[in-house]
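I opened the model to look up its confidence and one of its sheets. The entries follow in the order I made them.

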Amino acid sequence: MNNTARTTHMDEVSSPASSLRTNSGLNIIVIGTGPVGIRAARMLMGQNPSHKIMVFGEEPVTPYNRVQLSLYLLGEVPRDALDTLPAVTSEQVAPGFETHFGRKITHIDRKSRSVKDDTGAEYQYDKLILATGSRARLPDLPGNTLPNTFTFRTLEDTESLLARKKNSRSVYIVGSGPLGIEAALGMKTRDNRVYLQARNYLLDAALDERAQEILGDSLQTAGINVINNDNTRAILGHDHVIGVELESGRIIECDTVVFCTGVAANTLLAQSCGLEVARGVLVNDVMQTSDPHIYAVGECSEHRGQTYGVVAPGFEQVSSMVTHMSGQQMPYTGSAANIQLKFGSQSSGLIGQVRDINCETLVYANRLKGIYRKLFLKDQKLVGYIHIGSWSELPMLQQAQSTQARLKPKQLQQFADTGFLWEADKPLHIKDQPEDYIVCLCENVTRGTLSKAMESGNRTIDTLCTATRAGVTCGSCKPLLAEMLDAPAPNLVMRHYKSIYWFSIVAIALMLATVFLRPIGIGESAQLNWQLEKLWFDNFWKQVSGYTLLFLSMLAAGLGIRKRWKKLNYGHLDDWRYVHSVIGVIALVVLMIHTGLRLGHNLNFALMIVFLAATLTGSLVGVFMARNHHWTDLKLRRHRAWWSRVHYTLLWMLPALLTYHIIAVYFF
């Protein structure tokens, strides 16, 4: 049967009234316990408590939030945080609500309107809802089923990856879409190597070359090795994975392979009972299949030739379906294939009509800052946007895009110059947004709803999420919830943060000792076996300590180049910060030896003040960088930025002052 005939048939919407009972509920069976299936079941029960609803899930666990599996793998949320779907037990919903977890529906009899599970039990339905989702697609590669090859789709997959993550030394990710990137970040540890194979692009084909480069820089900073334009030819090994072979002939040694190469709709059950199927189960504008008594929603459905691999379109489909089953019409017209990706303090997104070639576009990019921003306009109306990196204007941008607001020429010029549409230093706070401003797109939660929940005593992110459902699906709106609560969103914990913290504290202590302890005089150490006063007064040792101090100062200043010169990308930036902290402490000890705790006079005094000020500001930066994920004052970030600028200025003054000091000693 050709797809044209199927699509034409699907365009016919049957009237719901003929099959609805007016005084009693329906027997409704939902197959699938993902977010979309649970949403459908609860909305139907809310529509009519007289419905008898049975929910069947093949997985033996209670429903969990699949969207946050990446955060679970990354270690940013605990296992309990996945249990954020609404309650689905009869005691908490209604007596007519039944759940059957670990029960697989194996057969649908459309003629008798019944289903049979894997125990042989049979159940009657008036309406059947397929929310069977999709499964991971394995690429056709030699060795794709070797031990230590994984997919990343379900909770079971994630638990297996977490167990493997502890022992794996080298991980190879096949697939560089959103899931592949999230898998790479989730599998990265301090001790392993992670490779991400980008077949054609990173994240999405809608990203141009500059956006790809900037996103690649961010991944490299996170310790991910991106392999471009060299596809995987085979997985190597006999009884376990030992490496992968690329099309160029290059061999990469690894002990773990994760496939994130797309999904395929679970259509086998629909096919077996004769429903019309293409890539997904074909549905019309109210989500009916070719059988008007059977609906399909979420990733298993295909509407107007389009399937979706994210949750939000499934929620929209459920609303259309439930409305139709109530006797009303709210046709589903399709969804935007939005993509949102967040790791640490970085975020990326493709929102709205970013694939429409008829749009006008405007780009602002700064690779040094890791920023890429692209606007999509029609008649100066914002219809979509792409961003790589943080953007303080995202709340306002989201509102402008959802309403397709018309942007002024002055705004567009400012964006081209600065990357900001509104005042860069005064973005509108989330609390100042109107009450109908949508904060959580997944659950359609407004600022007004959040404010009322906060007034009722929900003053933490966890309780606010529980009370409003905001942030529990994809979690991308949690920074906005943090703004509502005046609390910072969690940051990526810095490597060596404990060591950097304590080295910074030691540096401050040594600086205070240099300033406040009494200078050391001749003869005060004569009782010691080794004549320590030579370090302070012997000309030879003074030169040794002086040149050592000059070398350490230049080395410490030079380490800052790693952050600003992208070609110098050896090692992780946090490792360089750690070395910088160690050098700072050693330099202070050498300074104390060189000066004998004397502050000096004139030029020497100025040199000491600059050195100690550089130490103080650098130590404060180290303290707040190391503790930024523990302390909750948002102003600390601004203090850190100010201290960093002062520290860099003072640090680069030191080599010049020390050089002048040496010249003055030799020639004057």
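Over which residues does pLDDT stay under 50, and how many contacts beyond four places in sequence does the model have for them? I looked this up in what is a predicted model, where local features need pLDDT of at least 70, side-chain atom pairs count only at pLDDT 80 or more, and totals for chains, interfaces and linings use all residues. Residues are numbered from 1 along each chain as its sequence is written, and side-chain values use heavy atoms, with hydrogens and water left out.

Confidence. pLDDT is the predictor's confidence in each residue, from 0 to 100. I found it under 50 over residues 1–9, with 9 contacts (heavy atoms within 4.5 Å) beyond four places in sequence. Residues 522–530 are also below 50, and this stretch has 8 contacts beyond near neighbours in sequence. For the protein chain I noted a mean pLDDT of 82, with 78% of residues at 70 or more.

Sheet. I traced an open sheet of 5 strands (DSSP runs of E, at least two residues, numbered from the N terminus) in the order β3-β2-β1-β7-β19, with parallel pairing. Two strands pair if DSSP finds at least two bridges between them. At the edges I have β3 (97–101) and β19 (294–296), each paired on one side only. The twist averages 15° from one strand to the next.

β7 and β19. I counted 3 bridges from β7 (residues 127–130) to β19, the two running parallel. Ile-129 stands opposite Tyr-295 in β19.

Helices. These are DSSP runs of H or I, at least four residues. Axes are lines fitted to C-alpha atoms, for helices over the stretch in contact, and angles run from 0 to 180 degrees between N-to-C directions. I found α2 (residues 35–47) across β1 (27–31), β2 (52–57), β3 and β7, at about 170° to β2. Helix α8 (residues 311–325) lies across β1, β7 and β19, at about 160° to β19.
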